[in-house]
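Subject: Structure handover: pocket and ligands

Hello,

Here is the structure we talked about handing over. Please open it alongside this note. The findings follow below.

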Amino acid sequence: MDTNREKLKNELLDRLDQENMPAHIGIIMDGNGRWAKSRGKTRIHGHQEGARRVKGVVRFANDIGVRHISLYAFSVENWARPSFEVSALMRLIRAYIIRERNALHAEGVKFRLLGRMEELAPEIIKQANISTELMKNNPGLSLNLCINYGGRAEIVDAVKKIIAAGHKPQDISEELISSYLYCPELPDVDLMIRTSGEMRTSNFHLWRGAYAELYFTPVLWPDFDELELLKAIETYQNRERRFGKISEQL
Ligand code: IPE
Ligand code: IPE
Ligand code: MG
């Protein structure tokens, strides 16, 4: 990071309001392909660079007191990409889980996959389970790697489980549905960040993101760093979250 960015980062860190941290940040890590294309590189190269970015952002989020982070790494829709790109992404995801395991554990982070597990390669599930088990008692941030994740799929899967459990219409409530999502203890998303300038949420955290503050940045994911995360959190801290009320009631 150059000195100007370092200086700005320290200023934003000083201004950070520890009483008003987003407990759960969701990040739609978008723009790997365009990042690579602008450098005359392959899309796969962009994904490799994107994967390298994750470590620093997660460590920093943990250091500044974020409790949960959801990283959208592969959507249910992404299966429709060319098969060589899908294979490369799956290889990268598996490699990431293995490579970062010990470092994440050393930082006190918890780890889990969020998504439709049964459609993923058993090897990815196996490696993820090793990490989840290893880190389950860690005190730090929980890293939720969203793979084969879709917000609608998550709700569909919850409905199936609710019916299979024999619930009656009068049992159905928002709390009940929440308790059947992929990871029931994960709280609502407070801040949803999307990189690369696209202004949509692409089926990410439909249920938990119902009242998320949205933050869109033109920065492409492989260029996203600690300073960019701080800018997003500062923006969040300057928003007024009214949840349907009026300012005077807050
Ligand atoms: C995000 O980058 C990574 C995944 C969706 C897996 P993209 O691959 O979507 O990058 P762009 O949007 O084509 O630039
Ligand atoms: C969203 O990015 C999914 C992930 C970041 C994993 P996409 O690039 O797939 O989304 P669209 O197609 O632009 O909506
Ligand atoms: Mg994209």
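Which residues lie nearest the centre of the largest pocket? They are Met-29, Asn-32, His-47, Tyr-72 and Ala-73. Bear in mind that this is a predicted model, and that the values here are computed from it.

**The pocket**

The largest pocket has a volume of about 600 Å³. Its lining counts 29 residues. Four elements give two or more residues each to that lining: α2, α3, β2 and α4 (83-106). Helix α3 has the largest share, with five residues. By class, the lining holds 13 nonpolar, eight polar and eight charged residues.

Two ligands are worth your time here. The space taken by ligand 1 is the largest pocket. Ligand 2 sits in the largest pocket too.

**Ligand 1**

Start with the shell. A run from Met-29 through Asp-30, Gly-31, Asn-32 and Gly-33 to Arg-34 contributes to the surroundings of ligand 1. Arg-43, His-47, Ala-73, Asn-78, Arg-81 and Leu-89 complete the set. The shell divides into three nonpolar, five polar and four charged residues.

Now the polar contacts. An oxygen atom of ligand 1 is 2.7 Å from a side-chain N or O atom of Arg-81. Backbone atoms take part as well. A polar backbone atom of Asn-32 is 3.2 Å from an oxygen atom of the ligand. For Gly-31, a polar backbone atom is 3.3 Å from a ligand 1 oxygen.

On its own, ligand 1 has 380 Å² of accessible area, and the protein covers 86% of it. Helices α2 (32-37) and α3 (43-63) are the elements that give two or more residues to its shell. The most comes from α2, with three residues.

**Ligand 2**

Which residues surround ligand 2? Ile-28, Met-29 and Asp-30 are there. So is the stretch Tyr-72, Ala-73, Phe-74 and Ser-75. Asn-78, Arg-81, Arg-194, Arg-200 and Ser-202 make up the rest. Strand β2 (residues 68-75) gives the most to this shell, with four residues. The classes here are five nonpolar, three polar and four charged.

Three side chains deserve a look. An N or O atom in the side chain of Ser-202 is 2.6 Å from an oxygen atom of ligand 2. For the side chain of Arg-200, the distance from such an atom to a ligand 2 oxygen is 2.8 Å. For the Asp-30 side chain, it is 3.2 Å. Taken alone, ligand 2 exposes 390 Å², of which the protein buries 77%.

**Where the two sets meet**

Some residues appear in both shells. Met-29, Asp-30, Ala-73, Asn-78 and Arg-81 are among the residues around ligand 1 and also among those around ligand 2. Met-29 and Ala-73 are also listed among the residues nearest the centre of the largest pocket. Arg-81 has a side-chain N or O atom 2.7 Å from an oxygen of ligand 1. Asp-30 has one 3.2 Å from an oxygen of ligand 2.

Over to you.

Best wishes

Terms used: Residues are numbered from 1 along each chain as its sequence is written. Chains are lettered from A and ligands numbered from 1 in the order in which they are written. This is a predicted model: local features need pLDDT of at least 70, side-chain atom pairs count only at pLDDT 80 or more; totals for chains, interfaces and linings use all residues. Side-chain values use heavy atoms; hydrogens and water are left out. A residue is near a molecule or strand if one of its heavy atoms lies within 4 Å of it. A polar contact is a pair of N or O atoms within 3.5 Å; within protein, one must be able to donate a hydrogen and the other to accept it, and residues adjacent in sequence count only if both atoms are side-chain atoms. Accessible areas come from the Shrake-Rupley method with a 1.4 Å probe; for residues, only the protein chains shown count as cover. On a 1 Å grid over the protein atoms alone, a cavity is a set of points where a 1.4 Å probe fits but cannot get out, and a pocket is an open set with protein on both sides within 12 Å along at least five of seven lines; lining residues have an atom within 4 Å of a point. A molecule sits in a cavity or pocket if more than half of its atoms lie within 2 Å of its grid points. Ala, Val, Leu, Ile, Met, Phe, Trp, Tyr, Cys and Pro count as nonpolar, Asp, Glu, Lys and Arg as charged, and the others, Gly among them, as polar. Grid points are joined across faces, edges and corners, and a volume is the space filled by probe spheres set on the points.
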